[in-house]
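The following exercises concern salt bridges and the solvent accessibility of the residues that form them. Each task is followed by a worked solution.

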Amino acid sequence: MNKLTLVAALAALSTLSFGVLAHGEAEDSERSMMPPEQKAWGVGASEEQVDRELIIRMDDNMRFTPDHFEVAEGETLKLVIKNEGKMLHELVLGTAAELEEHAALMAKFPGMEHDEPYMAHVGAGQTQTLIWTFNRAGRFDFACLLPGHFQAGMVGGLEVSTN
C-alpha cells in the first residue's frame, strides 16, 4: 500500500471513529514550520515567491478553462481557481497515476476530507488560490477528484519545460 492510500484510509477511518476534526491554530502553526513536501510535480510555495498568476475556471460542465498550460521549470505560479458552477469542485495537482488512484479512493470514501498544498476545494461561486513551484520538468496533470467529476472528464494537463 503506498503512502497516499495509507494516509487516505487512515483519514477515512478516523472520521468514522472520531468525527471530522478541524485544523486549529496550533496545528496550522506547526504545519507552517515544517518544510514543504517535495512531490514529483513540485513543491508548495508562498505568496512572496510567485512569478506569475494564472486564472483557471471550472464549472458544472465538468471542465477546466484552460485545461492545459505550460510552465518553466522552477517557476512559481499562483493558480487562481474560480468555480463558476453551482456545486463544489476541486483542483488537485499530480501525476496521472496518482490522480487516478486518488479518484478511485474518493469513490470508495466520498466523505473523505483532506488538505494538501497541491489541492484546492472551491465552493459554488467561490475562488481559491494555490501557490506551487513547478521545480521538476515533465508532463503532469490536474483534476477534480470528487466522485463522478473525474470520471466525467474534469481533468487537465500541464507541461513543465526545462530552462
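**Exercise 1.** In this predicted model, determine whether Glu-47 is buried, partly exposed or exposed, and identify the salt-bridge partner of its side chain.

*Solution.*
1. The relative accessibility of Glu-47 is 44%. Buried requires a value under 20% and exposed a value over 50%, so Glu-47 counts as partly exposed.
2. The side chain of Glu-47 meets that of Lys-78 in a salt bridge, with an N to O distance of 3.2 Å.
3. Glu-47 belongs to the loop between strand E1 (43-44) and strand E2 (52-59), whereas Lys-78 lies in strand E5 (residues 75-83); the pair therefore ties together parts that are 31 residues apart in sequence.
4. Lys-78 has a relative accessibility of 16% and thus counts as buried.

**Exercise 2.** Characterise the salt bridge between Arg-52 and Glu-75.

*Solution.*
1. The N to O distance between the two side chains is 2.9 Å, which satisfies the cut-off of within 4 Å.
2. Arg-52 is in strand E2 and Glu-75 in strand E5; with their positions 23 residues apart in sequence, the pair links distant parts of the chain.
3. Arg-52, at 30% relative accessibility, counts as partly exposed, while Glu-75, at 15%, counts as buried.

**Exercise 3.** Which residue forms a salt bridge with Arg-139, and how many salt bridges are counted by this rule?

*Solution.*
1. The partner of Arg-139 is Asp-141, and their closest N and O atoms are 2.7 Å apart.
2. Arg-139 is partly exposed, at 46% relative accessible area; Asp-141 is buried, at 15%.
3. The count comes to five salt bridges.

Conventions
Residues numbered from 1 in each chain as written. Predicted model: local features only at pLDDT ≥ 70, side-chain atom pairs only at ≥ 80, totals over all residues. Heavy atoms only, no water. Helix = DSSP H or I, 4+ residues; strand = E, 2+ residues; numbered from the N terminus. Buried < 20%, exposed > 50% of the residue type's maximum accessible area, 1.4 Å probe, protein only.
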